[in-house]
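Hi everyone, thanks for coming. Let's put the structure up on the screen and walk through it together.

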Amino acid sequence: MKLELHVWRQSGADAKGDFATYEANDVSPDMSFLEMLDSVNESLIARGEMPIAFDHDCREGICGSCGMMINGVAHGPQRGTATCQLHMRHFTDGEVVWIEPWRAGAFPVIKDLCVNRGALDRIIQSGGYVSIATGNAQDANSIPIRKQDADNAMDAAACIGCGACVAACPNGSASLFTAAKITHLGLLPQGQPERDRRAARMVAQMDAEGFGHCTLFGECQEACPKEISIDTIARMNYDFIGAAMRSRPEKPVSAEG
Amino acid sequence: MKLDARVPEGPIQEKWDTRKFDMKLVNPANKRKHTVIVVGTGLAGGAAAASLSELGYQVKSFCFQDSPRRAHSIAAQGGINAAKNYPNDGDSVYRLFYDTVKGGDFRSRESNVYRLAQVSVNIIDQATAQGVPFAREYGGLLANRSFGGAQVSRTFYARGQTGQQLLLGAYQAMEKEIDKGGITMYPRHEMLDLIVVDGHARGIVTRNMVTGAVEPHLADAVVLASGGYGNVFFLSTNAKGSNCTAIWRAYKRGAAFANPCYTQIHPTCIPESGEHQSKLTLMSESLRNDGRVWVPKAKGDTRKPNEIPENERDYYLERKYPSFGNLSPRDIASRGAKEVCDEGRGVGPGGRGVYLDFADAIKRLGKEKIAERYGNLFEMYERITDENPYEVPMRIYPAVHYTMGGLWVDYNLMSTIPGLHVAGEANFSDHGANRLGASALMQGLSDGYFVIPLTIGDYLATAKPKPLAADHPEVLATVKQVEERTAKLLGIKGKRSPDSFHRELGRLMWEYCGMARSREGLEHALKRIPELRAEFWRDLTVPGTGEELNQSLEKAGRVADFMELAELMCLDALHREESCGGHFRVEHQTPDGEALRNDAEFAYVAAWEWAGEDKAPVLNKEPLEFEYVHLATRSYK
């Protein structure tokens with residue numbers, strides 16, 4: 001089949017971007033969306049033009065590198081599917097497809113469809129861990145954990161950090177991302193000693209990075225390739241309020257020397 | 001070149017303790033005066049960076065992805081082995097050691113494997129303490145399963161995402177250290193060369209993939225944890241960015257490359273769907289527990305699978321290996337699929353596929369039970385192929401999955417360049433000629449959490465590296481060489497893209513250095529690869545400049561190195577006149593087609609040494625002795 005693509009092209013962070021129109025010919029329904037872009041890129045290289053830059057790596061839907069707005073929808077039309085796992089059989093011959101990078105103030109565009117998601121790493125840096133050094137651990141079976149808690153923790157821990165939740169949110173909020181980590185660790189006994197501090201610092205960091213606030217639209221959970229639930233956000237808010245009552249607020253990472 | 005494995009004396013059970021006691025220590029106050037570079041943030045690199053920083057070293061960590069959380073360890077599905085013996089089924093450190101040496105077809109170093117089995121138990125403790133949500137039983141304790149044909153249940157898992165959860169554990173430990181200031185993180189940086197001063201590894205040269213800036217980074221020791229080189233085949237289950245450049249550059253600076261021909265071809269991957277294919281996707285091996293592998297008995301049978309009657313199907317694994325059947329080891333199952341497809345009995349597009357049929361299992365256990373066991377895998381399969389495996393048999397075909405070869409390391413995981421340590425898939429040490437399922441995660445984390453942090457200290461305390469000036473002639477020369485190479489790639493201005501060369505190289509390697517290798521085929525490849533390489537340097541085109549984010553330039557540099565590594569792999573495969581593990585030479589097989597090892601002549605590690613451009617590499621041998629696990633022929637009949 002044949003598609004008409006309108007792709008966001010921007011040569012650098014400070015350059016002005018615009019849509020460019022390309023024809024994608026001989027698209028097989030068995031191609032993945034990224035393989036379709038590969039083939040467009042090969043034809044651009046053959047014409048001596050710069051190929052479309054996009055982030056991708058595992059192409060199995062788990063590394064979280066890829067992600068783009070496809071016809072205005074983060075990761076495109078198939079639910080619970082990252083861009084690399086989306087196949088062209090979900091498009092029809094002659095279809096017009098608009099492709100844009102993640103749009104969010106906290107994700108500046110680097111080039112074309114590549115954005116800088118370093119803010120997500122800094123949110124994890126501000127508390128998304130258990131402070132245990134190598135060698136400190138006791139026997140793994142010394143603390144039994146309710147299967148249901150372990151399963152719920154795993155549901156939240158499945159986050160791949162792609163940023164689709166931010167891109168889909170009208171407020172550009174990273175609440176689902178942050179809440180998923182707070183929930184994962186907050187449900188486990190290993191996460192308890194730092195639970196207050198984690199919630200306080202991670203939320204403060206999210207604000208400092210310029211992500212918007214959550215108004216519970218729920219767009220994030222629709223876009224999430226791992227279908228993480230906004231129930232986690234309720235949990236984050238619960239922990240955050242609890243932490244505010246129990247301890248002094250923490251400064252974000254970027255404000256520390 | 002002298003290969004000294006520096007294995008401690010004494011009984012195998014005591015070697016690691018002996019080494020730990022004999023190692024020189026760095027005073028806690030002096031640790032922060034040392035800088036250690038870690039390249040790669042997968043299980044090995046992430047764990048090493050975090051642990052070194054916890055000890056007090058200044059760590060500089062590099063990855064080519066936009067975040068350290070994305071390294072390809074994240075894609076591992078099945079699980080991680082550990083000799084915990086929680087199920088009380090007779091497992092022990094010694095049994096895990098024994099199984100791993102035997103599974104590696106007697107081509108690994110016993111002492112390293114024993115240590116791996118020993119520290120396996122600490123890995124599970126560490127990961128659990130970090131909050132890794134391993135699967136649990138209703139009683140609240142950790143669940144185990146049997147994996148990859150093992151006779152005991154020693155595999156720990158987190159759904160089908162064990163690699164992801166273990167990697168996030170290591171990543172979070174890194175972020176904790178970044179927050180504290182112990183690790184400086186350099187994402188979107190690619191290592192393009194190693195800086196060697198007075199014979200010691202003293203730093204790396206990187207390219208900032210956003211700005212294009214080429215910069216030196218200096219240190220007192222360097223750890224390479226840059227993963228495997230399966231992408232030399234173009235199509236593999238590796239991530240698109242996985243490449244050999246870091247280890248290949250180190251090889252050309254003097255690090256020996258061990259057993260490059262040992263590659264693992266995984267039997268259960270989704271077959272190619274056409275010319276556009278950019279990578280292959282693995283379907284967990286656990287599917288073979290319930291699926292039956294078959295092809296039509298007749299050549300060129302184009303009927304739909306459900307229309308082929310039972311007596312016209314060939315369940316070839318069950319027929320040839322009645323006792324292991326569909327659970328035969330990876331190398332045997334892969335070769336079986338290739339054989340039937342070569343006979344013209346393959347199924348699906350291009351005839352490169354075999355059926356993995358769940359109809360009997362569904363009849364026996366019910367659809368619900370099968371959905372519970374494999375639901376997410378069936379979903380993933382349907383997403384990619386648009387076929388429903390509950391109704392139509394899956395189609396599978398082998399694909400390159402892991403490389404057992406890598407840079408040669410001694411017992412302390414140090415390469416033949418003092419100060420250059422190598423961890424995880426990038427080194428050669430623990431899996432011999434074939435890796436067992438659920439052992440890769442174990443090795444990466446063992447190296448990263450428990451070995452490297454200690455052996456680096458021993459090196460620093462012994463070698464006492466002196467401060468190095470940023471304008472040392474070796475530093476400047478290495479930077480200059482990287483810049484010249486980049487300029488050369490950009491300056492060819494030919495007609496063919498990096499991918500088109502990569503695809504062609506991959507096809508050549510798959511055909512002649514893949515599942516079955518012959519003298520004739522390898523000699524053909526060794527003639528063809530230099531021709532292709534010459535064409536590459538004559539006709540490559542890379543649009544754009546070096547001073548920007550340029551993904552074609554990144555690919556071109558990686559393909560250039562794959563072109564050289566491919567030749568070394570073929571050379572190694574040609575010289576190894578035996579069949580062992582993932583290396584099958586058609587000339588060396590038993591009358592009924594089984595691999596025939598030659599222990600008298602080839603029980604050694606082949607460590608290749610770079611001799612210069614256009615010169616044949618030099619073969620060095622580390623003899624392997626099997627004191628504890630006695631040499632025996634594997635039999636799965």
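I'll talk about how the two chains meet, then the domains of chain A, then a sheet in chain B. Keep in mind that this is a predicted model.

Let's begin where the chains touch. Here, 66 residues of chain A are in contact with 62 residues of chain B. Which elements of chain A supply at least two residues each to that side? They are helix H1 (33-46), strand E6 (109-111), helix H2 (118-125), helix H3 (147-157) and helix H5 (175-186). H1(A) gives the largest share, six residues. If you sort this side of chain A by class, you find 28 nonpolar, 22 polar and 16 charged residues.

Now look within chain A. Its domain assignment gives domain 1 (3-111) and domain 2 (118-255). The centres of these two domains of chain A, taken over C-alpha atoms, are 29 Å apart. Where they meet, 17 residues of domain 1 of chain A are in contact with 16 residues of domain 2. On the domain 1 side, nine of those residues are nonpolar, seven polar and one charged.

Over to chain B. Five strands make an open, antiparallel sheet there, in the order E11-E15-E14-E12-E13. Why do E11 (263-269) and E13 (313-314) of chain B each have one side without a neighbour in the sheet? Both stand at the edges with a single partner strand, so nothing in the sheet flanks that other side.

Further in, E12 (292-296) and E14 (354-357) of chain B pair over three bridges. One pair to find on screen is B:Trp294 and its bridge partner B:Tyr355 in E14(B). Finally, helix H9 (330-342) of chain B lies across E11, E12, E14 and E15 of that chain, at about 70 degrees to E11(B).

Terms used. Residues numbered from 1 in each chain as written. Chains lettered and ligands numbered in written order. Predicted model: local features only at pLDDT ≥ 70, side-chain atom pairs only at ≥ 80, totals over all residues. Contact = placed C-beta atoms within 7 Å. Helix = DSSP H or I, 4+ residues; strand = E, 2+ residues; numbered from the N terminus. Nonpolar A, V, L, I, M, F, W, Y, C, P; charged D, E, K, R; others polar. Domains from an automatic or database assignment. Pairing = 2+ DSSP bridges. Axes fitted to C-alpha atoms, helices over the stretch in contact; angles between N-to-C directions.
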